[in-house]
Amino acid sequence: MASTATHLLFCLLLCLLATLHVSLSASEQLAFESVPELEKSMYVAVDGYPCVRLLNLSGEIGCANPGLDKVVAPIVRYKNGMELVRSTTILVPLYDFEGLLSRVSSDSNFARNVGGLLVESGTQIQTHLTGSSPDKKFPQAEFAPYQNNKFGWNPTGSGSMWRPYNFPVFLLSESSTQTLQEIAAKNENKKETYAADVTEFDLVMQTTKAGTRDSESCLREGSCLPLGGYSVWSALPTTNVSASSSEKPVVLTVASMDSASFFRDKSLGADSPISGMISLLAAVDALSRIEDLDTLAKQARGAPRRFAVWEPQFLRRGIHLVFVVFTGEAWGYLGSRRFLLELDQHTDAVNGINKTLIETVIEVGSVGKGYDQGVKTFYAHTTGVSSATNDTLKALQHARDSLGTESIKYSTASKSNPGIPPSSMISFSRQNPHTAGVVLEDFDSAFTNKFYHSHLDDLSNINSSAIVAAASLVARTLYILASDNKDLSSSSLKAVNVNASLVDELLGCLLSCDPGLSCELVTRYITPSYTCPSHYVGVIQGILTLEPYLGYVGDVPRFVWNFMADRTSAPLKNVSPCSENCSKSGGVCIKQEIDGNGVCVTSTTRYVPAYSTRLKYDSGIWSVLPPNSSDAMGEVDPVWAESNWNVIGLRVYSVQGAAYDRLILVAGVVVTALSYLLIVIVKAVIAKTLKQD
């Protein structure tokens, strides 16, 4: 009996030793030479774009971990009507994302168990969507210069990007989407086993740690930074900033360079608003190649002459063309409002522009989708009726006719619209209701862009020929306004042609990762920090100056500054490349990032800070100013800020289930007990044998 028990115990121990031997053999085959190699084998790196925490005076929006710790939760695929019994990471197809967010907002029991969301991406997934916009149906309606702020400019808008979510959300890259789909399927297949693959989210915001839940308190405590950046303006021909007594009227042409989306680093805004910015840059390039433009702008008109067509009255004095590319427009019209305040305060940033001489404002808005079956169609939205506005509309029609094609159409927007659509023009109209303004768009009463402020508003959402057509309209309109030539057959007017190759190059540089900001056009001027472009406004850092530290200026504003300075410039005489005499001689230094020397040129191109008019920076601290009754837009300004963080991280790894851990514990106790029993039996057998001897 004892020998039989001993034999069984020996067999059990031999099995354990064999298992241990197999484990050791496997570990020898998977030998790691360093800790990073071990970590690489344990963790799956996941590429994604985070939704981050933003704050305003009223509270929070966006995403963050609910507490101060990392979130670890198993991954499951999303299914309609699914229920959650524990903290879970949901892998959701893009076409179900808005529906899931809607359920989270309405079902608190379900939301309580959402550990995080991983959103799939890919061209095949996008084909399921006919439209998806996380913005509101009337974006930034609180700033509208008219009472009907319920108008549906953005029919596909859900408003999801303006809500707070107490869990992390990431948009996956295409490669990571495939990886996570395989991992989720593996979790589905081994429900009854002991292991599961989990995600670890590290999206802890400093505002959460500091308990600062609005922008005013977090700015005071230094746990966030205000949204903002730098706008860029330039003049053609270049303005002598010392000649402040100049009485030339100004035609101001504007566009925007920033967009927004649910996912901060995936804010491309191809149609809205980058197509407009590219049109403006292409128009500047076309006008810069007109030899007589400088002469046209300097003409002093004498007695009125009679023309066969029409003559804008204010042009008899000659005009100046000023171009501005704003940033921060998606977050309370930061750029345009700050620009107007700088004009009111006559700061150095806008020296050379007399606000009282601005005759009309032309905004190039969303123009990338003005294309249907070969026909490019654009609509002019106006701020009201005035002689300057009528002159601009006539110039637009004249420019269209001069193109000599039926494939480009232009008309004024419907009179049933409540007013101008969401645009920088709202800032001008709110400050002065009598501002003469025209906004050129690719829509009449509702956005044609079904992905407004979505990460899907990418290069595939626009048409380059529409942008070329819009740029041609703008360039020729400005040329007509700057001259007295009304002859459609004029060779000089027909010489105003947009470089379609430049437009294609700008699209590739500013809206794709290949070539992205590493393209030849951009690297001719700057050394970009990133290859893949994103047009999120970013945050203001450091002291705001006329010549900011370039490390605090984004890649796109630096490129726009260099490009416009180059196109609107003339070389300085007797000045070495970017010597100290360059700025003293009224020049600016372009291409300085490339070789450290740069090229000194004459150009009135300036950076203008873009941040809330209700913010003040003093002694390294941002503070919120009380509302000013004279600043109607400032009274409703949300004052946006972005929370600080240490590291944003996302990774996947396998963990053992609690049941398996308990099984291992029981097995360990059993083995220990058996080992002890075996020892007792062996000792008894040995003792008995010795007695018999």
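Let's start with one term: two strands pair if DSSP finds at least two bridges between them. With that in hand, look at strand 5, residues 71-77, and strand 6: three bridges join them, and they run parallel. Before we go on, please keep in mind that this is a predicted model.

Let me stay with strand 6 for a while. Strand 6 covers residues 88-92. On one side of the story we have strand 5, where Arg77 stands opposite Leu91 of strand 6. Strand 6 also pairs with strand 7, residues 114-119, in the parallel sense, over five bridges. In that pairing, Val92 stands opposite Val119 of strand 7.

Is strand 6 mostly covered or mostly exposed? Mostly covered: five of its five residues are buried. You may remember a rule from your lectures: in a regular strand the side chains alternate between the two faces of the sheet. Here, Thr88, Ile90 and Val92 point one way, while Thr89 and Leu91 point the other way, and all are buried.

Let's zoom in on Thr88, which is found in strand 6. Why does Thr88 count as buried? Because its relative accessibility is 5%, and buried means under 20%. And which residues does Thr88 touch, leaving out those up to four places away in sequence? The answer is Ala73, Pro74, Val76, Asn113, Val114, Gly115 and Gly116.

Now let's step back to the whole protein. How many helices and strands does its secondary structure come to? There are 22 helices and 27 strands. The protein has 693 residues, and buried residues make up 52% of them. Here is a number I like: among contacts between residues at least 6 apart in sequence, 79% join residues at least 24 apart. As for the outside, the protein exposes about 31,200 Å², and carbon and sulfur atoms supply 53% of that.

One pair shows how sequence distance and space can part ways. Ser175 and Asp47 are 128 residues apart in sequence, yet their C-alpha atoms are 8.0 Å apart in space. Ser175 has its place in helix 6, residues 174-189. With a relative accessible area of 46%, Ser175 is partly exposed.

Next, another sheet. Five strands form an open sheet in the order 8-4-3-26-11, and the pairing is mixed. Which strands stand at the edges? Strand 8 (164-165) and strand 11 (224-226) do; each has a single partner strand, so one side of each is left without a neighbour in the sheet. Strand 8 pairs with strand 4, residues 59-63, in the parallel sense over two bridges. Within that pairing, Gly62 stands opposite Pro164 of strand 8.

Further along the chain there is a nice unit to find on your screen. Strand 17, helix 12 (residues 387-402) and strand 18 make a right-handed β-α-β unit. Its strands, 17 (residues 375-382) and 18 (residues 408-412), run parallel and are joined by five bridges. One of the bridge pairs is Ala380 with Thr412 in strand 18.

Now for some backbone oddities. Most residues other than glycine have a negative phi, and most peptide bonds are trans. So where should we look here?

First, Gln140: its phi is near 55°, a positive value in a residue other than glycine. Gln140 sits in the loop between helix 5 (123-126) and strand 8, and it counts as buried at 11% relative accessibility. Then there is Tyr333, with a positive phi near 50°. Tyr333 is in the loop between strand 14 (320-326) and helix 11 (334-345), and at 2% relative accessibility it counts as buried.

We also have cis peptide bonds. The one from Leu236 to Pro237 has omega near -5°, and Pro237 lies in the loop between strand 12 (229-236) and strand 13 (250-256). Another joins Asp514 and Pro515, with omega about 10°. Pro515 is in the loop between helix 16 (500-511) and helix 17 (520-523).

Let me finish with rings. The structure holds 25 aromatic pairs. Ring pairs link Phe97, Tyr165, Phe167, Phe262 and Phe263 into a cluster. Some rings have a charge for company: the charged end of Arg103 sits over the ring of Phe110, 3.9 Å from its centre. Likewise, Arg338 lies over the face of Tyr611, at 3.9 Å from the ring centre.

Thanks for listening!

Technical notes
Residues are numbered from 1 along each chain as its sequence is written. This is a predicted model: local features need pLDDT of at least 70, side-chain atom pairs count only at pLDDT 80 or more; totals for chains, interfaces and linings use all residues. Side-chain values use heavy atoms; hydrogens and water are left out. Helices (H or I, at least four residues) and strands (E, at least two) are DSSP runs, numbered from the N terminus. Buried means under 20% relative accessible area, exposed over 50%, partly exposed in between (1.4 Å probe, protein chains only). Contact means heavy atoms within 4.5 Å. Accessible areas come from the Shrake-Rupley method with a 1.4 Å probe; for residues, only the protein chains shown count as cover. A crossover is right-handed if, with the strands pointing away from the viewer, the path from the first strand over the helix to the second runs clockwise. Rings of Phe, Tyr and Trp (its six-membered ring) pair if their centres lie within 6.5 Å; planes under 30 degrees apart count as stacked, over 60 as edge-to-face and the rest as tilted. A charge sits over a ring if NZ of Lys or CZ of Arg is within 6 Å of the ring centre and within 35 degrees of the ring normal.
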